[in-house]
Amino acid sequence: MKHVLCAFCDMEEDILREIFRCGREYGWLVEYSPRTIYPDWSGDGVITDYLRLEELRRIANFRNTPIVSRELPPRGNIRTVHTDTTLVAAMVINYIESRGFQNVAIAGNRKWPGELDGVAQDPGEPFEQLARERGLNLFRCYWAPNLYYNEQESYRLILETLERFFREIPKPTALFVKRRIHLNIIYRVLEKLGVKVPEEIAILCNSVSPLIAENAMVPTTYVSGEMRQVGMLLADTLRRMMAGEHLPEEPIRIAPDAIITRRSTDVFVVPHLKLKKALNFFQENAFSNIGVADGAAAAGLSTSMLNRLFRRYLHQSALDYLRELRLNRIRHLLAESDLTLTEIAAQTGYSSKIALSAAFRASDGMSPGAYRKKTRRQSEQGKFLLE
C-alpha cells in the first residue's frame, strides 16, 4: 500500500473528493493535513495546492519524494497541475458581454503574482487585460494588496472596503468573484447596502462548489468542472510519478468546461426592449427545438433586424448566441454526466447526435467523445464511447 499525504491550504471539497476516490482505486492510504505538513513526515508521495518549498522541505527524504502541486514550478521531484487562467478569463468575459454589460468588476483579497510558462497563476491578471482589450469599463476591489500567502486578512477591513467599493461603482455592473470563500461575504455587504442582485450587481463566481453556489443568498452563476478535473489529474500525476514514469517538466493545464447560469446573472443590460425580449426568449427556450426566427417573432422583429441588434449590442449574430448557449450546456453534460450523445442532443435542442457532433466539432475543433475523454476519467474501459 502506498502512503500519500494530501496537504492543502484551501479545503476544496470537490478536489479532495476526487483525490480520495482515486486513492481507493489505486490502493493508497491517504492522510489529510490541512495548511501544514508534520515535520519529518515520510511516505510515498505528496499532493498539495499552495504550500511553499520551505514547508515541503519538512518531509523526510524530501528530494526523493514525488510531489504534485497546484502552484510550484515543475522541476526535479515536483510536477504541477495548474488552471489555464487565460481560458477562465475569456470564458467569463464572453459570458458577461453576452449579457450586454459594459461595466465589469473583479473582487478578491489581492492579485497574486507569478506565472507558469507564461500563463498567470491568478485569473485576475488575464481578466483585467481582456476587459481592457474589449473596451469594457473595469473596476477592481483588492482589499489586502500586500497580503502574504498564508496570512489572514482582517474581516472588518474586508467589509469596509467592499462597502466603499459597492457604494462608488456604477450600476449595473457584472462582478467576477475570484475565490469562493469571499462569495457570501460579498452577499453580506450587498444585503446591508440594499443593492439588488442581479439588477444592480450581477455576480459570477470562479470555480465554486455547486453546494455553495446553489445555496448562496442568491443562487449564483459559477464556472463549472475545473475542480473535479484538478483532483483527478493531481492524483493521476502522482500515481505515474510513484510508478517511476518520467513526466515532462511542463505544467499540466486544466480548462473549465462551462458556466452554469443561475439567478445571480439573470438580467440583460441592453437599451433595446425588443432585443431584451429576444434574449429572454432564447434563455428560456434555448434547449427546445427553436431557431433565430422564433426569437425574432417572440420579440416582434424581423430576423434581419434582430441580427442587426445582436451585432450592435452584443457583437455577434443571434445564431452564434443561441448556438453558444447550447454548446455551453453540452460541454457541461459531457464533462459531468454519463448521458449518451442522443440523450444530450434531446436536452439541448439538436435534432440528432449527428447534428450535435457537427456543431460541436465546428466550435471546439474536436468530437464530443474526444472532449469527454479530455475532461473526464472513467474507471471502466469503454465508458467514453458514445452511442
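Me: A helix here is a DSSP run of H or I with at least four residues, numbered from the N terminus. In which helix is L341 placed?

Reply: In this predicted model, L341 belongs to helix 13, residues 341-347.

Me: Why is L341 called buried?

Reply: Buried means under 20% relative accessible area. L341 has a relative accessible area of 6%, so L341 is buried.

Me: How far apart are the C-alpha atoms of L341 and L130?

Reply: They are separated by 34 Å, and the two residues are 211 residues apart along the chain. L130 is one of the helix 4 residues that meet helix 3.

Me: Which angle and which axis distance describe the packing of helix 3 and helix 4?

Reply: Helix 3 (residues 85-98) and helix 4 (residues 124-133) pack at about 45°, and their axes are 8 Å apart.

Me: What makes helix 3 and helix 4 oblique to each other?

Reply: Angles under 35 degrees count as roughly parallel, and 65 to 115 as roughly perpendicular. The angle of about 45° fits neither class, and therefore the two helices are oblique to each other. Their crossing is right-handed.

Me: Which residues meet in the contact of helix 3 with helix 4?

Reply: From helix 3 come T85, T86, A89, A90, V92, I93 and I96, and from helix 4 come P126, F127, L130 and A131. The contact residues divide into 9 nonpolar, 2 polar and no charged.

Me: What makes the phi of N61 worth listing?

Reply: The phi of N61 is near 55°, which is a positive value in a residue other than glycine. N61 sits in the loop between helix 2 (53-56) and strand 4 (67-69).

Me: Why does N61 count as exposed?

Reply: The cut-off for exposed is over 50%. N61 has 51% relative accessibility, so N61 counts as exposed.

Me: What is the phi of H315, and where does H315 lie?

Reply: H315 has a positive phi of about 60° although H315 is not a glycine. The loop between helix 11 (303-313) and helix 12 (318-336) holds H315.

Me: How do you know that H315 counts as exposed?

Reply: Exposed requires over 50%. The relative accessibility of H315 is 57%, so H315 counts as exposed.

Me: Where is P172, and what is the omega of the peptide bond from K171 to P172?

Reply: P172 is in the loop between helix 5 (155-168) and strand 10 (173-177). The bond from K171 is cis, with omega near 5°.

Me: What is the omega of the peptide bond from V197 to P198?

Reply: That bond is also cis, with omega near 10°. P198 lies in the loop between helix 6 (183-193) and strand 11 (201-205).

Technical notes
Residues are numbered from 1 along each chain as its sequence is written. This is a predicted model: local features need pLDDT of at least 70, side-chain atom pairs count only at pLDDT 80 or more; totals for chains, interfaces and linings use all residues. Side-chain values use heavy atoms; hydrogens and water are left out. Buried means under 20% relative accessible area, exposed over 50%, partly exposed in between (1.4 Å probe, protein chains only). Axes are lines fitted to C-alpha atoms, for helices over the stretch in contact, and angles run from 0 to 180 degrees between N-to-C directions. Angles under 35 degrees count as roughly parallel, over 145 as roughly antiparallel, 65 to 115 as roughly perpendicular and the rest as oblique. A crossing is left-handed if the near helix is turned anticlockwise from the far one by less than a right angle, and right-handed if clockwise. Contact means heavy atoms within 4.5 Å. Ala, Val, Leu, Ile, Met, Phe, Trp, Tyr, Cys and Pro count as nonpolar, Asp, Glu, Lys and Arg as charged, and the others, Gly among them, as polar.
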